[in-house]
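Student: Could you take me on a close look at a single part of this protein? I would like one connected account of how that part sits among its surroundings.

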Amino acid sequence: MVTIEKDTTTDQRSAELAVYVDALGAQLYGVASAEMYEEHFPAKPSPRQFVPKARSVVIIGMPFTRGVMTTVLKHELAGLRPKPGEELSGDKVPVRGAERFFLDPENDMLDHEVALIAYKIARYVEGKGYSAMHLPTEKKSDRRFWTAPFYHMPAMYLAGLGTMGLNASIITPEYGPRVWVTSVITDMELRPGRPMTEDVCTSCGLCVENCPVSALDGEGWKDVYKCSAYGCCATCIAICPVGEGAGC
Ligand code: SF4
Ligand code: SF4
């Protein structure tokens, strides 16, 4: 039976949702104000396009396991050999696909796990009498989509979960860039986080130096065409020295 609790205070609602999300097992959790999202990122699709009168964007995420992330930098573990005619220009360039041999199945599991948590949050919020929409985690699952329906990174930043790194990812203090996230947009008013005031990225440059196709310009911009043409190898994620699993 649905319980309507629209008279509870913002802090109460926020605390109750945080407890619920924790029980679901999400290891990364934050809230961004939908209004701030629109104000700071006017070129991105607005939360209000998905939920009229949206007030909050709930971000949840899970970190990659250290064991699998390690394999991104140990191409030999995949046991793959170059195909006839495949050119390797120096030992920095791995056999194509070897970096993702173990990572792809983990991506699938994280995608499923994070999506399920987001779905449960949306059900919870709707059960309280509000509107909610949980977003897909992976924008490239269908090649017909040229742009993301919704951008999670701005919400992560506004929620205070991390700051932009030179690898064009949000770097969290806990896990560096090694997190898989999604968002739930809702008209439930929740207490939003605040952007961090100091950069989490140390500007060490390891991500830029080790990108096999020089897709990172060293100023935080990524050539997504070069990156995806190469297969989004995740080297710039695995090699980042910030957070748990650092220096894999
Ligand atoms: S930018 Fe793309 S190609 Fe370059 S290291 Fe990162 S994931 Fe790999
Ligand atoms: S590898 Fe270094 S420069 Fe790149 S995102 Fe991580 S901390 Fe920043």
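Tutor: Gly-129, which comes just after helix 4, takes a positive phi of about 100 degrees. Keep in mind that this is a predicted model, and let's walk back from that glycine into the helix itself.

Helix 4 runs over residues 103–127. With 25 residues, helix 4 reaches 36 Å from its first C-alpha to its last, close to the 36 Å expected at 1.5 Å a residue. Its buried residues are Leu-103, Leu-110, Val-114, Ile-117, Ala-118, Ile-121, Ala-122 and Val-125.

What covers them? The cover over the buried residues of helix 4 includes three strands and two helices, which are strand 2 (56–63), strand 3 (132–134), strand 6 (179–186), helix 1 (10–24) and helix 3 (66–71).

Now pick out Ile-121 on your display. Setting aside residues up to four places away in sequence, Ile-121 touches Val-21, Val-58, Ile-60, His-134 and Val-184. Val-21 falls within helix 1, Val-58 and Ile-60 within strand 2, His-134 within strand 3 and Val-184 within strand 6.

That brings us to the core. The largest nonpolar core has 65 residues, and Ile-121 is there with Ile-59 and Ile-60 as the members that touch the most others. Helix 4 gives the most to this core, with eight residues. In soluble globular proteins, nonpolar side chains tend to be buried together.

Next, look at the other side of helix 4 in sequence, where Gly-97 has its place in the loop between helix 3 and helix 4. Gly-97 counts as partly exposed because it has 14 C-beta neighbours inside 10 Å. Leaving aside neighbours within four places in sequence, Gly-97 is in contact with Leu-80 and Gly-231. Ala-78, 19 residues from Gly-97 in sequence, is 9.0 Å from it in space, C-alpha to C-alpha.

Stepping back, helix 4 belongs to a protein with eight helices and six strands, following the pattern α-β-α-β-α-α-β-α-β-β-β-α-α-α along the sequence. Of the 248 residues in the protein, 39% are buried. Among contacts with a separation of 6 or more, 76% join residues 24 or more positions apart.

Methods:
Residues are numbered from 1 along each chain as its sequence is written. Chains are lettered from A and ligands numbered from 1 in the order in which they are written. This is a predicted model: local features need pLDDT of at least 70, side-chain atom pairs count only at pLDDT 80 or more; totals for chains, interfaces and linings use all residues. A nonpolar core is a set of buried Ala, Val, Leu, Ile, Met, Phe, Trp, Tyr and Cys residues joined through C-beta atoms within 7 Å. A residue is buried if 20 or more other C-beta atoms lie within 10 Å of its own, exposed if 12 or fewer, and partly exposed in between; C-beta atoms are placed from the backbone. Helices (H or I, at least four residues) and strands (E, at least two) are DSSP runs, numbered from the N terminus. Two residues are in contact if their C-beta atoms, placed from the backbone, lie within 7 Å. The expected span of a helix is 1.5 Å times one less than its number of residues.
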